[in-house]
Structure formats: structure tokens, C-alpha cells
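This note sets out several points on the structure shown below. Please read them with the sequence and the model side by side.

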Amino acid sequence: NEHHHTLLHFKQEASDIETPQVKTANVVTNINPQPSTSSCEVVTSIPANVFVNVDNFKTTVLLSTAIVDIFDSRGNIHSARVLLDSASQANFISEKCCNRLGLSSFDLNILIHGLDKMSSQSNRAVSCRIKPRGEISPTLSFDAIILPSICGNMPSSQIAIQNWDKFANIKLADPRFNTPGPIDILLGADSFPTILQDGRIVNEGGPSALNTIFGYVFMGKTQCNISSQIVSFCASTTLNLGLDTIFRKFWEIEEIPRLSTLSPEDNLCLQNFEKSYYRTKTGRFVVSLPFRDPEPSFSDSRTVALRRFYSLERRLLHDKALYKCYSEFMKDYLDCGHMQPFRNKLDDNKCFYIPHHCVLKPDSRTTKLRVVFDASAKESNGVSLNDTLLIGPKLQTDICKILLLFRLHAIAITADIKQMYRQILVTPSHRKYQLIFWRFSPNEPLQEFCLNTVTYGISSSPFLALKTMQQLAAESRVEYSLVSQIIMSDMYVDDVVTGCNSLEKALLIYKQLVALLKDGGFELRKWSSN
């Protein structure tokens, strides 16, 4: 009564045919003592279903892979490599990819079954959203079980494609499908009806191309340069609802949530902040961008940003009111010193040009229009500024905790930090990675500007802003002991949500909050109280 019945078949031919090895959990068993030129690897976390036809020459079977855009916990876009598997009842994501995206996991108690009744257990899963690379839609949402790793590099060896002229003019889901590389996500059978589209290119004696929402994927037998491992996957899942599991879930209802452990990348991001931040004579914070590599290198981001600007300008010229609001926003940026003309001549690989667009907020009392800087835009080599940055750990206080504590106060106090990101300076040596194009009229020459502050749309900005607030509170703990803890526990991003039980204390909180934040160059506004 298993969800899947899996078989391993080997074609029986002449006795000189080499027989594969089966490797499971570091134990190697030779089915035939003769030397072997191909092997079947079974990943114990995802039991495999493999159908192998062993020939007298070196061959491998291509499995379908795709490069997709995936959203992290803050809505920023990253690249991920996906393996499509129609024989799996579940979706899987590697722990490394999950940590890179900062996704919050939820508890799950599930058994994963596969070949020869092998099984493993997982207790964590995440919700994911992906879309085709470089496209706006469609968006595919799914839950994925977290595993330490999904498989080894796919394919296991380099595939020669010099004579594949039939596929020369099609859009590929994975342009580097023939080059070994890691797999971040495995998409199972529940996603296939959504992914597959009409269109198939049959290649007699070689792999065929199937059309999907991500582009064409390859599937089938092909020749390779060396003997390769032949790997396929299927997994069936069942809920583990034993008596001990039921009791455990009962007691966990009232359990305090576990503290999330920091990934190596999160620790690196924190260390980078501690080592590099400093304060100006006026008390304002200066931070550096947390690059994965000390000196990032880019290709031609200028051309992409220039094309996007001309497209934006054409749109603005058709809407005079929008153009006026956009220009006022940019003028405010310039007048406040948050951006300045950039006249240095740098090679394109030593800087980054960021496209920008606007988001309208008609209901806002203060900012009707906000310009968003698209640091996820890819340059000519397919690399964005956000791809090169560490996003840092999630520092926001849990919103449920804030609201529950807020209900305890007899006197409620709320306020908002004015332009929080823009009050934090970026170190001058990193401003060359925040270049934009702008002009206030099509009759003016086009200018290049550098953004001097932490910028909305850059993946590390939420971390830098919140870490700056925490650092300000920590440095002011002695002088402003009453409100430093409010900043640490009663703030959600740039909103203060706090209170107390007496009017005298409320006035003291007001005065100390204003003074403390002013020391760091911040201004509180939108005060409200009962």
C-alpha cells in the first residue's frame, strides 16, 4: 500500500557489459565484480527511482533543470537552480538555499519513502514563491521540505553540445544545463500541470526539449565525456502521526518559539557591520555594503540602467502630474544631500548603475510617491547588485509580541521615524555601486548621480537600518535607559509602538525618544496617543 512502487532495472545483454555500482550511505556494493564505468547514486534523504539502460559507450541521462527567480523573506529576488521531477510527491529545498533567502520555516513531521522501502524523516518546511527568470509572471507558490542537501552536482559530468543545432534558437530554462552545478530546489509532480506548456522538440537518438513556463528543458539520453553517475528521483511522503508525535504536538502548542540559529552568512554580515560602521561628528551612522566578496566585479550595468531610464522618461512625459511628483521626490533627495552628481570616470566592472521606478501611495499623509531603486536588475552577465550582497539575519521584533505588549499599557504612544533609511550614510568607497541616471527635463543633459545613503530596494538595507537602530540603543543604554529598551523591543522597522501607565512617564518617554534618536540623526514624526 505504498504511495509509490519503485523498481531498479538493468538491461541484460552480453556478459562483457559493465554493471553499475549502487551507492547508498557510503556503502558500495558491486552487483558484478567486473570494473564499472557508470553508477547509480541514491540520496538517502530522497529515495530514488532509477531506470538504467547500460550501453557499450559512455552515456548519461539528462534530467530537466531550470534557473528561476525566487523571492526571499523581504520580497527581494534571487536566482535558484531547480530540478523538475514528475515522480516526486513532494517539493524539496536545500538548507543552504533556505538560509540564503532568510525564509521562516514551520514545523512538519513527515516520512519520505522511496526505493526498497528506504525512508527518512524531516521536521521542517518553508513556503516558497518562484517565477520565470527575468519575467513578472506567472508566480508559482508551493511548500518545500527542507533537506541538508538534495543531490550532488547535476549533471555529474560536462556534456558536449557542439552538434545540437536543432536547439540553437530556443529559449532555455537553464542556459548552463550541460555544466555540473548544485541543485537548490526539487519541484515534484504537483507543480507539473502548471509548469508544462505546449511544445516539444524530439531529437532521435538524443535528448528532447520540452517547453515550460521557464523555457525549454532537456530530458533524455546523451553521450558524455566520462563515465557518469545516473541519478533520478522520486519520493512519496506520509504524515508521521504516531502516539508520541500526537503528544509532542499537544505540548508544543504552548511552547515558547525556538530561537533561530544564525547561518554562517548571517554571522559574516554581522561581523562586517561591527568592523566597518562608524559615526560622524554629528552622530550620524556610516555603514558599508555587506558584499559577499571584498571587491565585487560587474559587467555592463550601465546599458541596462540607461535603457530603463529612457523607458521611464517616456512614461513620465505622458503623465505630467506623475512627472512632477517624481521630480519633487528626486529634488528632495538632492537638496537633502542624499544623492549628488557623480563625475568620476570608472570602468563598468568597478561600479553599478541601478534602474529606478516609482510606487504610488495615494493614501499616505506624507509620501504620496516613493521611488524604488531596482538593485535586483541584472547586468549583461546576469548578475545584479543584490546577488553580490549578504542580506543579513532577520532583526525585526515579532509583530504579535509587539501588539500583545502594546495592549497592556493604559497610555498608548506611537510615532514614525522620518525617512529612516535615508538618515544612514553609506561609506564613500561603496557609493559607486549606487549610481543612477536622472534629469529633471528631457531638454537637460542626462546626469549620473550616486546615492549617499542606505537605499530602498537594496537587499541588505533592512538589515543595515535595523542593526543601526539597535546599535544606537546599545550605545545609549546608560544615558537613556528608559527608552533604549523601547527601541530594542517596541519598534517594528521604523514605527514606535509603545506605552506606559502614567502621564508623567509618557512625557518622559516622549522627550527621551526624541533626544536619543536626534543623537543618531533621526527625526520622529506622526505622534499619536490616547
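Two strands are said to pair if DSSP finds at least two bridges between them. Strand 23 and strand 29 (residues 524-529) meet this criterion, since 4 bridges join them and they run antiparallel. The model under review is a predicted one.

1. Overall composition. The protein has 10 helices and 29 strands. Of its 530 residues, 48% are buried. Among contacts with a separation of 6 or more, 72% are between residues 24 or more positions apart. The protein exposes about 27400 Å², and carbon and sulfur atoms supply 52% of that area.

2. The surroundings of strand 23. Strand 23 covers residues 411-417, and 6 of its 7 residues are buried, so the strand is largely enclosed by the rest of the structure. Besides its pairing with strand 29, in which Thr414 stands opposite Ser528, strand 23 pairs with strand 28 in the antiparallel sense over 6 bridges. There, the bridge partner of Ile411 is Cys500 of strand 28. As a general point for following such strands in the model, side chains in a regular strand alternate between the two faces of the sheet.

3. A sheet of 3 strands. An open sheet has the strand order 18-19-24, with mixed pairing. Its edge strands are strand 18 (278-279) and strand 24 (425-426), each of which pairs on one side only. Strand 18 is joined to strand 19 (residues 285-287) by 2 bridges, and these two strands run antiparallel. Arg279 stands opposite Phe285 in strand 19. Helix 8 (residues 461-475) lies across strand 18 and strand 19, and runs at about 135° to strand 19.

4. Helix 5 and helix 6. Two packed helices are described by the angle between their axes and the distance between the axes. The axes of helix 5 (residues 301-317) and helix 6 (residues 320-335) come within 6 Å and cross at roughly 125°. This crossing makes helix 5 oblique to helix 6. The residues of this contact divide into 6 nonpolar, no polar and 3 charged. From helix 5, Leu312, Glu313, Arg315, Leu316 and Leu317 take part, and they meet Lys320, Leu322, Tyr323 and Tyr326 of helix 6.

5. Helix 9. Which residues of helix 9 (residues 481-489) are buried? They are Val483, Ser484, Ile486, Ile487 and Ser489. The buried residues of this helix pack against helix 7 (399-406), helix 8, strand 27 (491-492), strand 28 (495-500) and helix 10 (503-519). An α-helix has 3.6 residues a turn, so residues three or four places apart point the same way.

6. Cis peptide bonds. The peptide bond from Ser137 to Pro138 is cis, with omega near 0°. Pro138 lies in the loop between strand 11 (119-132) and strand 12 (140-147). A cis peptide bond also joins Met154 and Pro155, with omega about -10°. Pro155 is placed in the loop between strand 12 and strand 13 (185-187).

7. Positive phi values. Gln419 is not a glycine, yet it has a positive phi of about 45°. Gln419 is found in the loop between strand 23 and strand 24. Is Gln419 buried or partly exposed? Its relative accessibility is 23%, so Gln419 counts as partly exposed. Val493, likewise not a glycine, has a positive phi of about 60° and sits in the loop between strand 27 and strand 28. With 27% relative accessibility, Val493 also counts as partly exposed.

Terms used:
Residues numbered from 1 in each chain as written. Predicted model: local features only at pLDDT ≥ 70, side-chain atom pairs only at ≥ 80, totals over all residues. Heavy atoms only, no water. Buried < 20%, exposed > 50% of the residue type's maximum accessible area, 1.4 Å probe, protein only. Contact = heavy atoms within 4.5 Å. Areas by Shrake-Rupley, 256 points an atom, 1.4 Å probe, with all protein chains shown as cover. Axes fitted to C-alpha atoms, helices over the stretch in contact; angles between N-to-C directions. Parallel < 35°, antiparallel > 145°, perpendicular 65-115°, else oblique. Nonpolar A, V, L, I, M, F, W, Y, C, P; charged D, E, K, R; others polar.
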